[in-house]
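Work through the exercises below with the coordinates open. Each task is followed by a stepwise solution.

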Amino acid sequence: MYSVRMRASKSGNGSADGEHVCGAERIAGHQDVEHEVQALVNRAMSHERGSPERVHITIESIPTELIETFEALPTSQRVAQTVHEARQIAIQCLVDVSVSERAALNAIQWLSKGPNPLGGVMRGAIVMDADTGVRYEPDLSRGVRVNKVDWRADVRQSFLQELANTPLASERILEALAIATKVINTQGTVAELCWSDDPSYVTGYVASAKDGYIRIPHLKKHGDPLGGRVFFVRNVHKFEEYEQALKRPALIVGFNKPLLLGE
Ligand code: AMP
């Protein structure tokens with residue numbers, strides 16, 4: 001199998017990496033690599049965050065025996081009418097799984113003002129102490145990136161078929177659910193909070209082992225170009241080991257149909 005990764009950026013925030021435009025992860029068999037590369041290049045070149053100045057594609061072989069397999073987190077959905085209401089729900093979902101209110105508020109504040117201290121968004125995620133709200137990433141403008149994660153092709157197809165006509169049947173959800181599943185299964189993670197940096201996509205989620213993947217609409221205003229991910233952690237004594245674990249290859253090999261859609 002091969003890990004195929006794309007990262008697109010443009011100049012803008014003063015960091016050596018440039019400003020993040022978009023990125024994506026795939027795991028593909030030898031015969032599908034070319035097709036995946038083409039799809040990822042198309043995506044980078046037509047992204048709503050603007051034309052990239054650099055597009056990096058990485059293709060790396062991964063021994064099949066090193067690939068971990070996971071069932072996707074169970075999904076559910078909450079209802080919110082306003083950004084304020086949505087963020088209150090997100091805080092409650094985080095507190096319900098033992099993230100402190102202080103850390104939850106801190107995370108919301110970072111994502112809403114732009115998680116990159118140099119301005120704007122990051123290409124990776126914030127890693128935050130679930131109790132104190134302190135950030136752990138060594139490079140605060142980059143964050144940490146989850147690598148080498150995807151759905152097994154047949155399971156991706158069944159997900160799209162079985163959930164057709166629901167808001168879950170989309171590439172965006174498949175990617176987010178794969179990342180969340182891997183992050184939550186990484187030792188040390190307590191929960192994840194995410195909303196997209198795509199200006200037109202305002203639904204985000206809170207994920208945890210206890211409550212699964214909870215979609216929350218209106219986590220930001222339509223047109224807002226800021227967003228990001230926060231991984232809340234506890235008892236992570238060696239940050240490098242946590243970061244390495246996020247880069248181990250993982251495939252999603254099963255899922256449960258959502259029971260609470262539209263709750
Ligand atoms: P997206 O949901 O693709 O709009 O991504 C929103 C934000 O999540 C990005 O700006 C990044 O900060 C972060 N992000 C996206 N993909 C990853 C990943 N694979 N690992 C860690 N953080 C990511």
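**Exercise 1: the ligand site**

Task: find which pocket the ligand takes.

Solution. The ligand occupies the largest pocket. A pocket here is an open set of points on a 1 Å grid over the protein atoms alone, where a 1.4 Å probe fits, with protein on both sides within 12 Å along at least five of seven lines. A molecule sits in a pocket if more than half of its atoms lie within 2 Å of its grid points. The model is predicted: local features need pLDDT of at least 70, side-chain atom pairs count only at pLDDT 80 or more, and totals for chains, interfaces and linings use all residues. Residues are numbered from 1 along each chain as its sequence is written, and side-chain values use heavy atoms, without hydrogens and water.

**Exercise 2: shell and contacts**

Task: list the shell of the ligand and its polar contacts (N or O pairs within 3.5 Å).

Solution.
- Step 1. The ligand has 13 residues around it (a heavy atom within 4 Å). Met 122, Gly 124, Val 146, Ser 196 and Asp 197 are the closest.
- Step 2. Sort the shell: five nonpolar, four polar and four charged.
- Step 3. Take the backbone. A polar backbone atom of Met 122 is 2.7 Å from a ligand oxygen. For Gly 124, a backbone N or O atom lies 2.6 Å from an oxygen of the ligand.
- Step 4. Take the side chain of Arg 145. One of its N or O atoms is 3.4 Å from a ligand nitrogen.
- Step 5. Check the cover. Alone, the ligand exposes 480 Å² (Shrake-Rupley, 1.4 Å probe). The protein buries 88% of that.

**Exercise 3: cysteines**

Task: how many disulfides (cysteine sulfur pairs within 2.5 Å) does the structure hold?

Solution.
- Step 1. The count is zero.
- Step 2. Cys 22 is in no disulfide; its nearest cysteine sulfur, in Cys 194, is 15 Å away.
- Step 3. Cys 93 is in none either; the sulfur of Cys 194 is nearest, at 14 Å.

Definitions and conventions: A polar contact is a pair of N or O atoms within 3.5 Å; within protein, one must be able to donate a hydrogen and the other to accept it, and residues adjacent in sequence count only if both atoms are side-chain atoms. On a 1 Å grid over the protein atoms alone, a cavity is a set of points where a 1.4 Å probe fits but cannot get out, and a pocket is an open set with protein on both sides within 12 Å along at least five of seven lines; lining residues have an atom within 4 Å of a point. Ala, Val, Leu, Ile, Met, Phe, Trp, Tyr, Cys and Pro count as nonpolar, Asp, Glu, Lys and Arg as charged, and the others, Gly among them, as polar. A disulfide is a pair of cysteine sulfur atoms within 2.5 Å.
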